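Hi everyone, thanks for making time today. I'd like to walk you through a structure that is new to most of us, so please have a look at it first.

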Amino acid sequence: RMEHVSKRFGDFYANRDINLSVRKGEVHTLLGENGAGKSTAVECILGTRRADSGEVRILGMDPVTERRHLFEQVGVQFQEASYPDRIKVRELCEETACLYEKTADYRDLLRQFKLEDKADSMLSQLSGGQKQRLFIILALIPGPKVVFLDELTTGLDTKSRREVWKCLLEMKDKGLSICLVSHFMDEVEMLCDQIGILRDGMFVFEGTVKEAVDNSPYSNLEDAYLWWTQEEENR
């Protein structure tokens, strides 16, 4: 939950008076062109960047002052991750698991995301899509109640993307809450209960995919999104 959150850098507002709520077992996606404020909003939610004003709570806890306890229950997959190339997949999973008191079995996650045969492969030997699936697994190792996924399926082929979607929908049905940042409209349509479209650091739309389309002049999400963000006008 974010209430009246603002963050500025000098005279520039990256986020301005943002309100956001995500319920248990819900997939909520942040949309917007590059520079719209998505990453800053996620950083403020996670407490990796302090908001200038407003309040943020995850599972009822302050992500800054109650960070250690909170992040036993929260998973994060950033768009860019940096790990040693000369580490095995299994070793990276074990290293991640040792940071938490209670964890999901990473071997089950490797099977679920079709990476069980890569357990003894070096990270450098994985394809881009395989690395992306591994980074999602690392976010799920804590057995989180909430997970944040940034550009979830970048680099995945069509089959792999659908397999990842299927896994996440199964987890959602078990109560996992997912906050997603994405530029893929088919992914948004497949996964999301609610979306928020950011422009110039503010929400210009919040609601369901259907509502975003119905309240635009268009009949599909991609065109509606461009209309809400005014990207079409700038081309």
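Let's start with a pair of helices: H3 passes H5 in a right-handed crossing. Before I go further, please keep in mind that this is a predicted model. H3 covers residues 89-97 and H5 covers residues 128-140; their axes come within 9 Å and cross at roughly 25°. An angle under 35 degrees counts as roughly parallel, and H3 and H5 are therefore roughly parallel to each other. Which residues of H3 and H5 make the contact? On the H3 side you'll find Val89, Leu92, Cys93 and Thr96, and on the H5 side Leu134, Ile137 and Leu138. Sorted by class, that contact of H3 with H5 has 6 nonpolar residues, 1 polar residue and no charged ones.

Now let's step back to the whole chain. You can count 9 helices and 9 strands in it. The C-alpha trace spans about 50 × 40 × 35 Å along its principal axes. For 235 residues, a compact globule would have a radius of gyration near 18 Å, and the chain agrees with that, at 18 Å.

On to the strands. Here is a bit of general background: strands of a sheet pair through backbone hydrogen bonds, either parallel or antiparallel.

In what order do the 6 strands of the open sheet with mixed pairing come? The order is E5-E6-E7-E3-E8-E9. E5 (74-77) and E9 (202-207) stand at the edges with a single partner strand each, so one side of each has no neighbour in the sheet. On average, neighbouring strands here are turned by 15° against each other, ignoring direction.

Let's look at E3, residues 27-31. On one hand, 4 bridges join E3 to E7 (residues 177-181), and the two run parallel. Within that pairing, Val27 stands opposite Ile178 in E7. On the other hand, E3 is joined to E8 by 4 bridges, again running parallel. There, Leu31 has Ile197 in E8 as its bridge partner.

Ile197 is a handy stepping stone, as its bridge partner in E9 is Phe205. E8 and E9 run antiparallel and are joined by 5 bridges. They form a hairpin with 2 residues between them, and Asp200 in the turn has a positive phi of about 55°.

There is a second open sheet to show you, made of 3 strands in the order E2-E1-E4, with antiparallel pairing. E2 and E4 (53-56) are at its edges, each with a single partner strand, so one side of each is left without a neighbour in the sheet. The average turn between neighbouring strands in this sheet is 30°, direction ignored.

What joins these strands? E1 (residues 2-9) and E2 (residues 12-20) run antiparallel, with 5 bridges between them. You can spot Met2 opposite Leu20 in E2. The hairpin of E1 and E2 has 2 residues between the strands, and Gly10 takes a positive phi near 65° there. E1 is also joined to E4, by 3 bridges, and they run antiparallel. One residue to look for is Ser6, whose bridge partner in E4 is Ser53. Packing on this sheet is helix H1 (residues 38-46), which touches E1, E2 and E4; its direction makes about 120° with that of E1.

That's the tour, thanks for listening!

Definitions and conventions. Residues are numbered from 1 along each chain as its sequence is written. This is a predicted model: local features need pLDDT of at least 70, side-chain atom pairs count only at pLDDT 80 or more; totals for chains, interfaces and linings use all residues. Side-chain values use heavy atoms; hydrogens and water are left out. Two strands pair if DSSP finds at least two bridges between them. Axes are lines fitted to C-alpha atoms, for helices over the stretch in contact, and angles run from 0 to 180 degrees between N-to-C directions. Angles under 35 degrees count as roughly parallel, over 145 as roughly antiparallel, 65 to 115 as roughly perpendicular and the rest as oblique. A crossing is left-handed if the near helix is turned anticlockwise from the far one by less than a right angle, and right-handed if clockwise. Contact means heavy atoms within 4.5 Å. Ala, Val, Leu, Ile, Met, Phe, Trp, Tyr, Cys and Pro count as nonpolar, Asp, Glu, Lys and Arg as charged, and the others, Gly among them, as polar. The radius of gyration is taken over C-alpha atoms; the globule rule is 2.2 Å times the number of residues to the power 0.38.
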